[in-house]
Amino acid sequence: MKHITCIEDLRLLHKRRVPKAFFDYADRGSYAEETLRANREDLQQIKFRQRILVDVSKRDTATTILGEPSAMPLILAPVGLLGMQHGDGEILACRAAQAAGIPFTQSTMSICSIEDIAASVSKPFWFQLYVMKDRGFIRELIERAIAAKCSALVLTVDLQVIGQRHADIKNGMTVPPEWSLSKLLDFASKPAWVAGVLQGKRRTFGNIAGHVKNTENLDKLSEWTASQFDTSLSWKDLDWIRKIWPGKLIIKGILDVEDAEEAAKVGAQAIVVSNHGGRQLDGAPSSIEVLPEIVDAVGSRMEIMFDGGIRSGQDVMRALALGAKSCMIGRAYTYGLGAGGQAGVEKAIDIIRKELLTTMGLCGVNTIAEIDDHVLAV
């Protein structure tokens with residue numbers, strides 16, 4: 001990791017070390033990938049106002065997220081299949097986040113289970129929930145998150161209908177993988193990855209294994225999972241979830257002011273402005289494009305988190321300047337995980353922290369609370 005200078009360096013190393021199907025799963029978007037590209041391009045269009053001769057000797061990235069202290073305004077977002085990027089990927093990413101003093105969010109579609117992570121770390125983490133048709137199973141998942149002392153529930157609401165990801169179809173991306181000669185050769189060329197995954201606790205969806213009959217048949221398990229995303233999910237289901245979950249609720253996948261208003265009405269403590277990393281509705285606006293109007297509408301009533309295209313500390317600064325209180329990263333730390341396990345995730349977090357500190361200094365601010373649109377060029 002000594003010569004890694006930026007998130008793109010981690011991405012390229014990840015690409016070399018992890019089989020193509022799993023790298024593309026993390027890296028690519030849906031359909032023509034217009035929204036995926038817009039997330040990055042629109043962030044890069046935002047320019048900073050450089051300031052000079054300001055005392056910036058006491059710069060500090062510390063802040064609070066949902067009332068809890070955090071070393072910086074950054075959260076590791078829920079990412080499915082981390083354990084296929086690196087053995088025990090969810091555990092390693094959680095450890096890296098906790099070592100850095102920031103929250104980690106476990107995905108419903110993790111390889112490691114809730115209990116696997118809880119037994120392997122010393123502090124509470126967040127749990128991300130997809131509401132599936134089997135409401136009994138969802139109740140059980142929430143209760144397991146409560147038992148594991150998860151400190152926030154992140155309800156992802158933009159996956160009722162799944163956007164087609166062309167790369168996954170072409171790669172035969174399934175859990176377990178579809179086997180072919182090219183895939184076997186790809187795996188054989190990455191012995192360190194193979195060894196790591198084989199040594200991991202699990203190689204299928206840890207939160208679901210044991211719930212479906214004949215879970216030893218991984219094809220059946222995958223079929224069940226694909227059939228469970230619920231197109232009937234609506235705002236009224238939030239009341240049911242609230243009756244089970246006693247803690248902090250974050251709604252992830254808000255891209256519209258009207259939806260943000262509804263989220264405020266149901267009592268969520270925070271929303272995540274997100275288009276699922278360009279993996280769902282292609283042709284949707286970038287997350288940064290809609291952030292200011294959502295902040296204006298509900299920012300005084302709840303915390304606004306931002307997700308979509310962040311690859312640097314500069315990008316974090318841009319989102320904070322437009323009103324976000326904190327930011328989620330998904331691909332950025334996944335690249336680190338694939339590149340170097342826990343050390344790679346720690347490197348990704350450290351890169352963003354140092355870039356944020358530098359950007360704060362060159363814009364003339366010392367604290368996160370000082371960051372607003374005055375740091376941006378007109």
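Partly exposed, in this talk, means a relative accessible area between the 20% under which a residue is buried and the 50% over which it is exposed. The model I am showing is predicted.

I will start with a residue that this definition covers. Arg 301 has 48% relative accessibility, so it counts as partly exposed. Its salt bridge partner is Glu 261, and the closest N and O atoms of the two are 2.7 Å apart. Why does this pair tie together parts that are 40 residues apart in sequence? Because Glu 261 sits in helix 12, residues 257–265, while Arg 301 belongs to the loop between helix 13 (287–298) and strand 9. Glu 261, at 25% relative accessibility, is partly exposed too.

Next, a pair with a different setting. Lys 252 and Asp 307 form a salt bridge at 3.7 Å, N to O. Distant parts of the chain are linked here: Lys 252 is in strand 7 (residues 248–254) and Asp 307 in strand 9 (residues 303–307), 55 residues apart. Are these two buried or exposed? Both Lys 252 and Asp 307 are buried.

Now the N-terminal end of the numbering. Glu 8 and Arg 11 form a salt bridge, with 3.3 Å between the closest N and O atoms. They are 3 residues apart in helix 1, residues 7–17, so about one helical turn separates them. Glu 8 is partly exposed, at 39% relative accessibility. Arg 11 is at 18%, which means that it counts as buried, because the cut-off for buried is under 20%. Glu 8 and Arg 11 also belong to a network of salt bridges that includes Asp 27. Across the whole structure, the search finds 18 salt bridges.

On to the sheet. It is an open sheet of 8 strands with parallel pairing, and the order is 3-10-9-8-7-6-5-4. Which strands stand at the edges? Strand 3 (74–76) and strand 4 (105–106) do; each has a single partner strand, so one side of each has no neighbour in the sheet. Strand 8, residues 270–273, runs parallel to strand 9 and is joined to it by 4 bridges. One specific contact there: Ile 271 has Ile 304 in strand 9 as its bridge partner.

Last topic, the pockets. The largest has a volume of about 1100 Å³. It is lined by 45 residues, and those closest to its centre are Tyr 25, Leu 81, Arg 165, Asp 168 and Arg 279. Which element gives the most to this lining? Helix 10 does, with 4 residues. Elements that each supply at least two residues include helix 2 (20–27), helix 7 (166–170), strand 10 (326–329) and helix 15 (331–363). By class, the lining of the largest pocket has 20 nonpolar, 16 polar and 9 charged residues.

The second largest pocket holds about 380 Å³ of space. Its lining is made of 16 residues, and nearest its centre are Glu 68, Pro 69, Pro 103, Pro 124 and Ser 151. Strand 2, residues 68–70, contributes the largest share of that lining, 3 residues. The lining of the second largest pocket divides into 9 nonpolar, 4 polar and 3 charged residues.

Key
Residues numbered from 1 in each chain as written. Predicted model: local features only at pLDDT ≥ 70, side-chain atom pairs only at ≥ 80, totals over all residues. Heavy atoms only, no water. Salt bridge = Lys/Arg side-chain N within 4 Å of Asp/Glu carboxyl O. Buried < 20%, exposed > 50% of the residue type's maximum accessible area, 1.4 Å probe, protein only. Pairing = 2+ DSSP bridges. 1 Å grid on protein atoms, 1.4 Å probe; cavity = no way out; pocket = protein on both sides within 12 Å on 5 of 7 lines; lining within 4 Å. Points joined across faces, edges and corners; volume = space filled by probe spheres on them. Nonpolar A, V, L, I, M, F, W, Y, C, P; charged D, E, K, R; others polar.
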